[in-house]
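Please look over the sequence and the model shown below before reading on. The report that follows moves from the sheets to the core and then to single residues.

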Amino acid sequence: MKNAASFIAVLLFSAISYAQNGPKIEFAAPDNTIDYGKISKGDNGLRSFEFTNTGDAPLLITGAESTLSSIVVTKPAAAIMPGKKGKIDVKYNMVAGPIRKTITVETNAVNYPDGRVALKIKGEVQ
């Protein structure tokens, strides 16, 4: 009985430590949100979400999209190596009114459920 309990404990610790390994994505923007603030229609609408791969394996951005056609999202094509930085560019079509939009990023990062990260933009176009 004692050996079985020891085996289960070792197995549990191994599984937990294994789950911690892999690529991890950490965004520089607080709460993964970029605030455009109050801007004019003349602004180009381009902003960048900067991130770092804080894990120990290459980070792949497999998808980055918005449900709105007024937002163009550009993701890195190549893998981001451990310790390196990357960026996801977001270009908002400057339509007058409030900005409250979400961009879904799909990755192989182990620090987000299913590797999906929600990025948000907010502000107001005057």
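Strands (E, at least two residues) and helices (H or I, at least four) are DSSP runs, numbered from the N terminus, and two strands pair if DSSP finds at least two bridges between them. The model is predicted, so that local features need pLDDT of at least 70 and side-chain atom pairs count only at pLDDT 80 or more, while totals for chains, interfaces and linings use all residues. Residues are numbered from 1 along each chain as its sequence is written, and side-chain values use heavy atoms, with hydrogens and water left out.

**The two sheets**

One open sheet has four strands in the order E1-E3-E6-E5, and its pairing is antiparallel. E1 and E5 stand at the edges with a single partner strand each, so one side of each is left without a neighbour in the sheet. From one strand to the next the twist averages 25°, where axes are lines fitted to C-alpha atoms, for helices over the stretch in contact, and angles run from 0 to 180 degrees between N-to-C directions. Within this sheet, strand E1 (residues 25-27) and E3 run antiparallel and are joined by three bridges, and E3 also pairs with strand E6 (residues 85-92) in the antiparallel sense, over seven bridges.

Another open sheet of four strands follows the order E2-E8-E7-E4, with mixed pairing. Its edge strands are E2 and E4, each of which pairs on one side only, and neighbouring strands of this sheet are turned by 15° against each other on average, direction ignored. E2 and E8 pair in the parallel sense, over five bridges.

The table lists residues that stand opposite each other in paired strands.

| Residue | Opposite residue | Strand of the opposite residue |
|---|---|---|
| Glu26 | Thr52 | E3 |
| Phe49 | Ile88 | E6 |
| Arg47 | Val90 | E6 |
| Asp35 | Lys122 | E8 |

**The nonpolar core and the rings**

Which residues touch the most other members of the largest nonpolar core? They are Phe49 and Ile121, in a core of 26 residues. E1, strand E2 (33-39), E3, strand E4 (61-66), strand E5 (71-74), E6, strand E7 (97-107) and strand E8 (116-125) each supply at least two residues of this core, and E8 gives the most, with four residues. Such a core is a set of buried Ala, Val, Leu, Ile, Met, Phe, Trp, Tyr and Cys residues joined through side-chain atoms within 4.5 Å; buried means under 20% relative accessible area, exposed over 50%, and partly exposed in between, with a 1.4 Å probe and protein chains only. In soluble globular proteins, nonpolar side chains tend to be buried together.

Contact means heavy atoms within 4.5 Å. Leaving aside residues up to four places away in sequence, Phe49 touches several residues, among them Phe27, Ile34, Ile88, Val90, Leu119 and Ile121.

A search of the whole structure finds three aromatic pairs. In Tyr36 and Tyr92 the ring centres are 6.4 Å apart and the planes are at 65°, so this pair is edge-to-face. Tyr36 lies in strand E2 and Tyr92 in strand E6, so the pair ties together parts that are 56 residues apart in sequence. Both Tyr36 and Tyr92 are buried. Ring pairs also link Phe27, Phe49 and Phe51 into a cluster. Rings of Phe, Tyr and Trp (its six-membered ring) pair if their centres lie within 6.5 Å, with planes under 30 degrees apart counted as stacked, over 60 as edge-to-face and the rest as tilted.

**Asn53 and Lys41**

Asn53 belongs to strand E3 (residues 46-53) and is buried, with a relative accessible area of 0%. A polar atom of the Asn53 side chain lies 3.3 Å from the backbone nitrogen of Lys24, and a polar atom of that side chain lies 2.8 Å from the backbone oxygen of Ala57. A polar contact is a pair of N or O atoms within 3.5 Å; within protein, one must be able to donate a hydrogen and the other to accept it, and residues adjacent in sequence count only if both atoms are side-chain atoms.

Lys41, by contrast, is exposed, with a relative accessible area of 51%, and its place is in the loop between E2 and E3. The C-alpha atoms of Lys41 and Gln126 are separated by 6.4 Å, although these residues are 85 residues apart along the chain. Not counting residues up to four places away in sequence, Lys41 touches Met94, Ala96, Val125 and Gln126.
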